[in-house]
Amino acid sequence: MSKYLASFTPYDVKQSLVRVTGYDNKCISGYIENPYFENPRYFDNLTQFFLIMENLCDEISYPQRTNESRALVPGLGGLPDFKPQYGEKGERAIASFRLNILFRQNSSWQGSVLWLEKQSDAQFRSALELVLLLDGVLSSLA
């Protein structure tokens, strides 16, 4: 059950800080910081990143889903129980992003991302577009 009601979700919880610590062969790793979490949540691939963020949106009820989750196997719909790993805040980030998911429509995300080191921002219309924006930045750093 959600800790917050959608209309009373504190503003600072609606944004997450994504610190990328590795991007080897286009495999992203790093950690996500959000005031809702007690500790940063570590991810070592894109799937874990998506699951952490999707679970966070469900927990804080922001933004709310417009579609129910579907599954290929009957009875196994929705997100799996994700056991988070906690990252070390001291790990050196190669890039940091402020992620703001504004909507979850058409089974995807829409929002904005700010590359903190260059103060460059962009809006994305899908989770795939977000990945392409992150890839553009991270590939340029290699």
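Reader: In this predicted model, does Ser-107 count as buried or exposed, and at what relative accessibility?

Author: The model is a predicted one. Ser-107 is placed in the loop between β5 and β6, and its phi is positive, about 55 degrees, although the residue is not a glycine. Over 50% relative accessible area is the cut-off for an exposed residue. Ser-107 therefore counts as exposed, at 62%.

Reader: Which residue in the loop between β5 and β6 is exposed with a relative accessible area of 68%?

Author: Most residues other than glycine have a negative phi. A positive phi of about 55 degrees is found at a residue that is not a glycine and that lies in the loop between β5 and β6. With a relative accessible area of 68%, the exposed residue is Asn-106.

Reader: What pattern do the helices and strands follow along the sequence?

Author: The chain comprises 2 helices and 7 strands. Helix α1 covers residues 46–60, and α2 covers 127–141. Read along the sequence, the order is β-β-β-α-β-β-β-β-α.

Reader: Which element gives the largest share of the largest nonpolar core?

Author: This core has 29 residues, and Phe-49, Phe-97 and Leu-99 are those with the most contacts inside it. At least two residues each come from β1, β2, α1, β5, β6 and α2. The largest share amounts to 6 residues, and the element that gives it is α1.

Reader: Which residues does Phe-49 touch, not counting those up to four places away in sequence?

Author: Phe-49 lies in helix α1 and is buried. Nonpolar side chains tend to be buried together in soluble globular proteins. With residues up to four places away in sequence left out, the residues that Phe-49 touches are Val-18, Ile-32, Phe-43, Leu-99, Trp-109 and Leu-130.

Reader: What is the geometry of the aromatic pair formed by Phe-49 and Trp-109?

Author: The whole structure holds 5 aromatic pairs. In the pair of Phe-49 and Trp-109, the ring centres are 6.3 Å apart and the planes stand at 70 degrees. Planes over 60 degrees apart meet the cut-off, so the pair of Phe-49 and Trp-109 is edge-to-face.

Reader: How many residues apart in sequence are the parts that this pair ties together?

Author: Phe-49 and Trp-109 are both buried, and they belong to one aromatic cluster with Phe-43 and Phe-50. Phe-49 is in helix α1, whereas Trp-109 is in the loop between β5 (95–103) and β6 (110–115). The pair therefore ties together parts whose separation in sequence is 60 residues.

Reader: Which residue stands opposite Ser-112?

Author: β6 pairs with β7 (residues 120–124) in the antiparallel sense, over 5 bridges. The hairpin has 4 residues between these strands, and Gln-119 takes a positive phi near 50 degrees there. Opposite Ser-112, in β7, stands Gln-123.

Reader: Which two residues does a cis peptide bond join, and what is its omega?

Author: Most peptide bonds are trans. Here, the loop between α1 and β4 (85–86) contains Pro-63. A cis peptide bond joins Tyr-62 to Pro-63, with an omega of about -20 degrees.

Reader: Which residue lies over the face of Tyr-62?

Author: Tyr-62 takes part in the cis peptide bond with Pro-63. A charge counts as sitting over a ring when NZ of Lys or CZ of Arg is within 6 Å of the ring centre and within 35 degrees of the ring normal. At 4.4 Å from the ring centre, the residue over the face of Tyr-62 is Lys-14.

Definitions and conventions
Residues numbered from 1 in each chain as written. Predicted model: local features only at pLDDT ≥ 70, side-chain atom pairs only at ≥ 80, totals over all residues. Heavy atoms only, no water. Phe/Tyr/Trp six-rings, centres within 6.5 Å; stacked < 30°, edge-to-face > 60°. Buried < 20%, exposed > 50% of the residue type's maximum accessible area, 1.4 Å probe, protein only. Pairing = 2+ DSSP bridges. Core = buried A, V, L, I, M, F, W, Y, C linked by side-chain atoms within 4.5 Å. Contact = heavy atoms within 4.5 Å.
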